[in-house]
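This report walks through one protein chain for a reader who has not seen it before. Please keep the sequence and the model in view while reading.

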Amino acid sequence: YTGADWVFTTSGGFGGSAKALSESAAGTNYTAQSIRIVQYNGTFNLTGTTAAYLSFWTRHRAENFRDKLRVEVSTNGTTWVAIAGSTTVKEPGTLDAATINGLPSLTGIRENWTREIFDLSAYNGTAALRLRFNFTSDNDVSTFEGELDDGFYIDELKVISTTTPLITLGANFLSFDGKLLKDNTVELKWDAVVDQKHRYFEVEKSSDRQNFTAIGRIEGTDPYKLIDRDPFAGNNYYRIKEVDADGKEMYSKIINVVYNPSLLSVSLYPNPVINE
């Protein structure tokens, strides 16, 4: 990337990762009247795509409506457009010294990591889409500035696209993974983009890949996760069912997690054991 003010911090990123990208070093506050832009040096080829999304995790502390981060894209490298995401705001005008002025922006305080998703479908067919983050702060140092404003942290950035013909559904599954944990339970995680019709996810399990039984329901927001505390000996096939407000259903791909208790057994000899 290009942007001298932006650095990789060592204070920890999303999900326990070692670092994150930030417009100010970890533990330091940004300054007043800042303009800090970081641009990805490459481009994204969306030729032939039917859908595309930008996804990343963020947490931030910034003076609300005055100091903000805009996610911007360009088709020519000269004209940049701010795009709307999951929690961006578009406060109109400049009332109370607001600087957002109707353009989608991330602002305010989010202590916990939050996933942001930006729909890039308006740029389907673009051969070289450019991406940058544009952080600006005002000249007010009397309120938040110099106290707790630590700025923005970005992690797990991805651009996801597909050329598959789409149908209208309550959710689009981005990923679905499972793994056997040390306590012999199975952790299931998935990512999905949902719309306003989405109601809940239901996790289903099968030992033969044919007959599935529901083992749990998730109605909250991402990150989506469920623990199966009673896996079968052998194959454990899992799939996710998404249900929307109209009763329509769609399914994720099927994954398999193998649990072999015989590999985890311990034998002691002689019994009882003496001194060892």
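With which side chain does the side chain of Thr2 make a polar contact? The partner is the side chain of Asn41, at 2.6 Å. The model is a predicted one, and the values below are computed from it.

**The start of the chain**

Thr2 lies in the segment before strand S1 (7-9). Thr2 and Gln39 are 37 residues apart in sequence, yet their C-alpha atoms are 5.2 Å apart in space. Leaving aside residues up to four places away in sequence, Thr2 touches Ile37, Val38, Gln39 and Asn41.

**The protein as a whole**

The secondary structure consists of 18 strands and 0 helices. The protein has 276 residues, and 41% of them count as buried. Its accessible surface is about 15000 Å², with 48% of that belonging to carbon and sulfur atoms. Of the contacts between residues at least 6 apart in sequence, 71% join residues at least 24 apart.

**A sheet of five strands**

Strands of a sheet pair through backbone hydrogen bonds, either parallel or antiparallel. In this protein, an open sheet of 5 strands runs in the order S1-S2-S10-S4-S8, with antiparallel pairing. S1 and strand S8 (109-119) are the edge strands, each pairing on one side only. On average, neighbouring strands of this sheet are turned by 35° against each other, direction ignored.

Ser22 belongs to strand S2 (residues 20-22). Is Ser22 buried or exposed? Ser22 counts as buried because its relative accessibility is 0%, under the 20% cut-off. The side chain of Ser22 reaches the backbone oxygen of Ser24 at 2.7 Å. Beyond residues up to four places away in sequence, Ser22 touches Asp5, Trp6, Val7, Thr9, Phe152 and Tyr153.

**A sheet of three strands**

Another open sheet has 3 strands in the order S11-S12-S15, again with antiparallel pairing. Strand S11 (171-180) and strand S15 (224-228) each have a single partner strand, so one side of each is left without a neighbour in the sheet. The twist from one strand to the next averages 15°.

**Strand pairs**

The table lists strand pairs, each with a pair of residues that stand opposite each other.

| Antiparallel pair | Bridges | Opposite residues |
|---|---|---|
| S4 (residues 51-61) and S8 | 8 bridges | Trp57 and Arg115 |
| S12 (residues 186-194) and S15 | 5 bridges | Val186 and Asp228 |
| S16 (residues 234-244) and S18 | 5 bridges | Gly234 and Tyr259 |

In a regular strand the side chains alternate between the two faces of the sheet. Strand S18 (residues 255-259) shows such alternation. Ile255, Val257 and Tyr259 point to one face and are buried, while Asn256 and Val258 point to the other face and are not buried.

**Nonpolar cores**

Which residues touch the most other members of the largest nonpolar core? They are Trp6, Phe56, Leu69, Val71 and Phe133, out of 24 residues in that core. S4, strand S5 (68-74), strand S9 (130-136) and strand S10 (151-162) each supply at least two residues of this core. Not counting residues up to four places away in sequence, Phe133 touches ten residues' worth of surroundings that include Trp6, Phe56, Leu69 and Val71. Its contacts also include Arg36, Arg70, Ile154 and Leu157. A second, separate core has 16 residues, among them Val186, Leu188, Phe201 and Ile218.

**Two residues with positive phi**

Most residues other than glycine have a negative phi. Phe65 is not a glycine, but its phi is positive, at about 70°. Phe65 sits in the loop between S4 and S5. With a relative accessible area of 26%, Phe65 is partly exposed, since that value falls between the cut-offs of 20% and 50%.

Asn101 also has a positive phi, near 55°. Asn101 is found in the loop between strand S6 (81-82) and strand S7 (106-107). Its relative accessible area is 46%, so Asn101 is partly exposed as well.

Notes: Residues are numbered from 1 along each chain as its sequence is written. This is a predicted model: local features need pLDDT of at least 70, side-chain atom pairs count only at pLDDT 80 or more; totals for chains, interfaces and linings use all residues. Side-chain values use heavy atoms; hydrogens and water are left out. Helices (H or I, at least four residues) and strands (E, at least two) are DSSP runs, numbered from the N terminus. Contact means heavy atoms within 4.5 Å. A polar contact is a pair of N or O atoms within 3.5 Å; within protein, one must be able to donate a hydrogen and the other to accept it, and residues adjacent in sequence count only if both atoms are side-chain atoms. Two strands pair if DSSP finds at least two bridges between them. Axes are lines fitted to C-alpha atoms, for helices over the stretch in contact, and angles run from 0 to 180 degrees between N-to-C directions. Buried means under 20% relative accessible area, exposed over 50%, partly exposed in between (1.4 Å probe, protein chains only). Accessible areas come from the Shrake-Rupley method with a 1.4 Å probe; for residues, only the protein chains shown count as cover. A nonpolar core is a set of buried Ala, Val, Leu, Ile, Met, Phe, Trp, Tyr and Cys residues joined through side-chain atoms within 4.5 Å.
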